[in-house]
Amino acid sequence: MPTYVARARDSQGNSTKQRVVAESASEARSVLRERGLYVLDLKQAQAFDPSTFDLAQIGTAMAKITVKDKAVFSRQFAALVNAGVSMVRGLGVLAEQCENPKLKGCLVEIRSDVEQGSNLSDSMRKHPEAFDGLYCSMVQAGEVGGVLDEVLNRLSKLLEDQARLQNQIKSAMAYPTTVGTLAVLIFIGMVVFILPTFAGVFKQLGGELPAFTQFMMNISVFLRTPQYSVGLILVLFGLSIVYRRYYNTRVGRETIDRLTLKLPLFGDLIQKTAVARFCRTFGALSGAGVPILTALEIVRDTSGNQVIANAIDEARRSIKEGGMISLAIQKEQVFPVMAVQMINIGEETGELDKMLLKVADFYDDEIEQTVKALTSIMEPIMIAVLGGMVGSILVAMYLPMFKIFDLMG
């Protein structure tokens, strides 16, 4: 629907500027009148209208809606709905106090749609950058079942768990990333600026450079030559493009995702993370009353790993034919045996959603322990890498000194 920009005056005579999403200008005027505003001027917003373009639009476009933002909104909205506050008023209150400009804009438009009679889930589906299919499906189930506040609380718990999981993984990657970046920068700095000085002194005294020093000098010359450096950057950029295009194909995605699950240190963490995400998301959808086939389709699209998605898709087809989820995902051999057995027990006892959440809690604890173990392993490895890179430069500089001393003698 088009967006209209209006100059209006409120009941106290204060001038204000409003943006309204409506089917027509007359509908936009009606919405503004319902808000208690007197319309002075109304026009449809253009993509690059200079009169409506400002720095705030740039900030809104660059803003990112995080999992934490959605979790806070869900928790607060659930409290308002449970307290008996009308949906339109609740959305308006949350939009006013929202600090994220992009989420605030989405809430304003959602409030306008709901005010015009649209369902909350249908209004949210118009903003996939803020509310994905998982979120909208659970909200729709809450609207149909009359338990919107309960579903919103489940969503906030789900999003909070996802945020905590992301923070755990980020904390595991922060140390090796920082140390690795510093090691590369120190290595390049010493090769480009320090090593040539020592090599120049050695050549003035005469003599042939040791093989290792000459090798490091060749690297230094390569990095200090502009055309070589630019060529290296272009090659790396080209490889990244080839990688992305290959990964965007189904075969490439399956191949790379299968390899990531077999990585020495990170494969186990990736597998446990995928299993925890699958179980928690599927359990939340099932508990909210979303049909199993629809829930599996949503979980498949949000799995983040093509191999896991294939196993979920196989489970979906198996259920269509009257099979069981546990037997279907067992065929792909990407889920741990314990997870498969607990899902099987949940199917047999009729408490699949509760069992899935228990499996998710178990693997969340496993992820936490894996992150701690991974961090303890990565620390000495990265220190050794940093020491090796700096030490290679020092060796390259000190090897010629022994010959220098011989020449001076």
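Helix axes that meet at an angle of 65 to 115 degrees count as roughly perpendicular. This cut-off is a handy starting point for the predicted model described here, in which helix H11 takes part in two such crossings, one with H14 and one with H10.

The pairing of H11 with helix H14, which spans residues 306–320, may be taken up to begin with. The two axes come within 7 Å of each other and cross at roughly 105°. That angle lies in the 65 to 115 range, and H11 and H14 are therefore roughly perpendicular to each other. On the H11 side, the meeting residues are Arg 250, Arg 253, Glu 254, Asp 257 and Arg 258, while H14 brings Gln 306, Val 307 and Asn 310. Sorted by class, this contact of H11 with H14 holds five charged residues, two polar ones and one nonpolar one.

Helix H11 (residues 250–260) also packs against helix H10 (residues 226–248), at an angle of about 100° and with the axes 4 Å apart. H10 and H11 are therefore roughly perpendicular to each other as well. Here H10 offers Tyr 243, Tyr 246, Tyr 247 and Asn 248, and these meet Arg 250, Val 251, Gly 252, Arg 253, Thr 255, Ile 256 and Asp 257 of H11. In this contact of H10 with H11, five residues are nonpolar, three are polar and three are charged. A reader following the chain will find Arg 250, Arg 253 and Asp 257 of H11 in the contact with H10 and again in the contact with H14.

Attention now turns to the surface. A nonpolar patch is formed there by Phe 212, Phe 215, Leu 394, Val 395, Tyr 398, Leu 399 and Phe 402, which together have about 660 Å² of accessible area. Helix H9 (211–224) and helix H17 (352–408) each supply at least two of the patch residues. The largest share, five residues, comes from H17, and Val 395 is found in that helix.

Charged pairs complete the picture. Across the whole structure, a search finds 20 salt bridges. One of them joins Asp 161 to Arg 280, with the closest N and O atoms 2.9 Å apart. This pair links distant parts of the chain, since Asp 161 sits in helix H8 (residues 148–205) and Arg 280 in helix H12 (residues 267–287), 119 residues apart.

Conventions. Residues are numbered from 1 along each chain as its sequence is written. This is a predicted model: local features need pLDDT of at least 70, side-chain atom pairs count only at pLDDT 80 or more; totals for chains, interfaces and linings use all residues. Side-chain values use heavy atoms; hydrogens and water are left out. Axes are lines fitted to C-alpha atoms, for helices over the stretch in contact, and angles run from 0 to 180 degrees between N-to-C directions. Angles under 35 degrees count as roughly parallel, over 145 as roughly antiparallel, 65 to 115 as roughly perpendicular and the rest as oblique. Contact means heavy atoms within 4.5 Å. Ala, Val, Leu, Ile, Met, Phe, Trp, Tyr, Cys and Pro count as nonpolar, Asp, Glu, Lys and Arg as charged, and the others, Gly among them, as polar. Patches are made of residues with over 30% relative accessible area and no salt bridge: like charges are joined within 9 Å, nonpolar side chains (Val, Leu, Ile, Met, Phe, Trp, Tyr) within 5 Å. Accessible areas come from the Shrake-Rupley method with a 1.4 Å probe; for residues, only the protein chains shown count as cover. A salt bridge is a side-chain nitrogen of Lys or Arg within 4 Å of a carboxyl oxygen of Asp or Glu.
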